[in-house]
Amino acid sequence: MNTDPIADYLTRIRNAVMANHRVVEIPASNIKKEMTKILFEKGYILNYKFDEESKLGNIKIALKYHPVTKLSAINKLERISKPGLRKYVNADGLPRVLNGLGIAVMSTSQGLMTEKEAKKLNIGGEVLCYVS
């Protein structure tokens, strides 16, 4: 059993990017599926597929690389709110990642979203991670 599944999710993606893998397979959960959808919508991953073959299922993520330079679209994945120290912000204290070039994934009362979407809705929540 994993004590921090979100950190495990981010670490698996980070390790796959460092090893220049094209596809990474991750055990699925609802929050990981939502985070994958956000990464896809914001252009950090090429594609994803939810496999429901096993009991819990898996997420297959196709990582995105530049065709010429072979650099990944994901430069940095950083876990912010940890099980030992949760990080909550209100609508006024929403973080900016790389001066607006990155995203912060947040868990709000209206589901998972980026800090830009939370700012539009004027709601705060738990800052899960930074992606740049």
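A residue is called buried when its relative accessible area is under 20%, exposed when that value is over 50%, and partly exposed in between. With this definition in hand, we can place D51, which counts as buried because its relative accessibility is 10%. We will return to D51 after a look at the whole chain, keeping in mind that what is shown here is a predicted model.

The protein contains three helices and eight strands, and anyone who follows the sequence from its start meets them in the pattern α-β-α-β-β-β-β-β-β-α-β. The radius of gyration is 15 Å, close to the 14 Å that the globule rule gives for 132 residues, so the protein is as compact as a globular protein of that length. Its C-alpha trace spans about 40 × 40 × 25 Å along the principal axes. Within this outline, 42% of the 132 residues count as buried. If we take the contacts between residues at least 6 apart in sequence, 59% of them join residues at least 24 apart. As for the outside, the accessible surface comes to about 7900 Å², and carbon and sulfur atoms account for 53% of that surface.

Charge is a useful next theme. The protein has 21 positive and 13 negative charges, and the mean positions of these two groups are 5 Å apart. Side chains of opposite charge can pair when their charged atoms come close. How many salt bridges does a search of the whole structure find? The search finds ten, and a few of them can be followed here in detail.

We begin with D51, the buried residue met at the start. Its side chain meets that of K49 in a salt bridge, with a distance of 4.0 Å from N to O. This pair does not stand alone, for K49, D51 and K60 are linked in a network of salt bridges.

Another salt bridge joins the side chains of K76 and E78, where the distance from N to O is 3.7 Å. Are these two partners buried or partly exposed? K76 has a relative accessibility of 47% and so counts as partly exposed, and E78, with a relative accessible area of 32%, is partly exposed as well.

A further salt bridge is formed by E126 and R86, whose closest N and O atoms are 3.1 Å apart. E126 lies in strand β8, which covers residues 125-131, while R86 lies in the loop between β4 (77-79) and β5 (88-89), so the pair ties together parts that are 40 residues apart in sequence. The surroundings of the two partners can also be described: E126 is buried, with a relative accessible area of 11%, whereas R86 is partly exposed, with a relative accessible area of 41%.

From R86 we can move to R79, because R86 is among the residues that R79 touches. R79 has its place in strand β4, and at 11% relative accessibility it counts as buried. Leaving aside residues up to four places away in sequence, R79 touches D4, I6, A7, L10, R86, L128 and C129. The C-alpha atoms of R79 and E126, which are 47 residues apart along the chain, are separated by 12 Å.

The loops deserve a look of their own. A28 is found in the loop between β1 and α2 (30-41), and A28 is buried, with a relative accessible area of 12%. Which residues does A28 touch, not counting those up to four places away in sequence? They are K33, L56, G57, N58 and I59. The C-alpha atoms of A28 and I13, by contrast, are separated by 13 Å, and these two residues are 15 apart along the chain.

Two other loop residues draw attention through their backbone angles. N20 has a positive phi of about 55 degrees although it is not a glycine, and N99, also a residue other than glycine, has a positive phi near 55 degrees. N20 lies in the loop between α1 (5-18) and β1 (23-27), while N99 lies in the loop between β5 and β6 (103-108). Where buried A28 has a relative accessible area of 12%, N20 counts as exposed at 51% relative accessibility, and N99 counts as exposed at 63%.

How values were computed:
Residues numbered from 1 in each chain as written. Predicted model: local features only at pLDDT ≥ 70, side-chain atom pairs only at ≥ 80, totals over all residues. Heavy atoms only, no water. Buried < 20%, exposed > 50% of the residue type's maximum accessible area, 1.4 Å probe, protein only. Helix = DSSP H or I, 4+ residues; strand = E, 2+ residues; numbered from the N terminus. Rg over C-alpha atoms; globule rule 2.2 N^0.38 Å. Contact = heavy atoms within 4.5 Å. Areas by Shrake-Rupley, 256 points an atom, 1.4 Å probe, with all protein chains shown as cover. Lys, Arg positive; Asp, Glu negative; His and termini not counted. Charge placed at Lys NZ, Arg CZ, Asp CG, Glu CD.
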